[in-house]
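Please work through the exercises below with the sequence and the structure at hand. Each task is followed by a solution in steps.

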Amino acid sequence: SDFLIFCALSKERAAFQMTDAVVGPMSTIAGLNCQEVVIGEFKGFCITPQRMGLVNMAITAVKAIEVFQPKLVGMSGICAGVDGESKFLDIVVGDICWEYQTGKFKDNRFFQEPYQASVSNQLRVHLEQIVEQKELLISLKSNLYDSELKDSGMRLGPISSGSAVIADISKMEEIGIQHRKWAALEMEMYALYEAASQSLCRPIFFGAKSVVDMGDSSKGDA
């Protein structure tokens, strides 16, 4: 397999049907929920875990990477943005990623201990060049009419992952202490980065997600 793309939800995977990718049939391979995807001359699979979250994504990603031995691993989907660092419908590409929940509770206080995983320095240069391409951004917005798209863009930034859905501004502020430039919050990317970096085949890896809420009490399915 040339590549693997991981999506936490079937709705996220279904979005590839609206792209230039050729989406093929679904199948179960080694117990994995796979769908064939062809992008240009490259062939791969888009895979979803049984449930969303860090644990299920870690299990699925480790298994899939060892089975398919891909050259490249990616992730797409939706995330919560961070006020001041990202806007509605921004595409945030994670240059570094960490789990915000690691640390120690002592005397009714949580002492944070976040460990980070990052894309390779060589790939980071390519990603920086990609997110600066105005033509690409225009093509991505083609035939989309949501008012929030007017000011949305692409950016490379730190993304934090955790097992809980966050819809509380005070919790977002607490997580924000961990990185001054923190740009987005989601539930799977750190697991993918660690699975790829620790695998024997050592694929290139990165994740990109679109901001659909700001992690506050207005969070919903809209």
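The exercises concern a predicted model and treat strand pairing, an aromatic pair, one buried residue and the nonpolar core.

**Exercise 1. Determine how strand E4 is paired and whether it is enclosed or open.**

Step 1. Strand E4 covers residues 42–48. On one side of the analysis stands strand E1 (residues 3–6), which runs parallel to E4 and is joined to it by four bridges. Within this pairing, Ile 5 stands opposite Cys 46.

Step 2. Strand E3 (residues 32–39) pairs with E4 in the antiparallel sense, over seven bridges. Here Val 38 has Lys 43 as its bridge partner.

Step 3. The hairpin of E3 and E4 has two residues between the strands, and Gly 40 takes a positive phi near 65° there.

Step 4. Five of the seven residues of E4 are buried, so the strand is largely enclosed by the rest of the structure.

**Exercise 2. Classify the aromatic pair of Phe 45 and Phe 68, and state which elements it ties together.**

Step 1. A search of the whole structure gives two aromatic pairs. In the pair of Phe 45 and Phe 68, the centres are 4.9 Å apart and the planes make an angle of 35°.

Step 2. Planes under 30 degrees apart would count as stacked and those over 60 as edge-to-face; the pair of Phe 45 and Phe 68 is therefore tilted.

Step 3. Because Phe 45 belongs to strand E4 and Phe 68 to helix H2 (residues 54–68), the pair ties together parts that are 23 residues apart in sequence.

Step 4. Buried means under 20% relative accessible area. Phe 45, at 14%, counts as buried, and Phe 68 is buried at 12%.

**Exercise 3. Describe the surroundings of Val 37.**

Step 1. Val 37 is found in strand E3. Its relative accessible area is 2%, so Val 37 is buried.

Step 2. Not counting residues up to four places away in sequence, Val 37 touches Phe 3, Ala 21, Val 22, Phe 42, Lys 43, Gly 44, Phe 45 and Cys 46.

Step 3. The C-alpha atoms of Val 37 and Met 26 are separated by 9.7 Å, with the two residues 11 apart along the chain.

**Exercise 4. Identify the main contributors to the largest nonpolar core.**

Step 1. This core has 39 residues; Leu 4, Phe 6, Ile 47, Ala 64, Phe 68 and Tyr 193 touch the most other members.

Step 2. Helix H6 (residues 189–198) gives the most to the core, with seven residues.

Step 3. Beyond its neighbours within four places in sequence, Tyr 193 is in contact with residues including Gly 94, Cys 97, Val 119 and Phe 205.

Notes. Residues numbered from 1 in each chain as written. Predicted model: local features only at pLDDT ≥ 70, side-chain atom pairs only at ≥ 80, totals over all residues. Heavy atoms only, no water. Phe/Tyr/Trp six-rings, centres within 6.5 Å; stacked < 30°, edge-to-face > 60°. Buried < 20%, exposed > 50% of the residue type's maximum accessible area, 1.4 Å probe, protein only. Pairing = 2+ DSSP bridges. Core = buried A, V, L, I, M, F, W, Y, C linked by side-chain atoms within 4.5 Å. Contact = heavy atoms within 4.5 Å.
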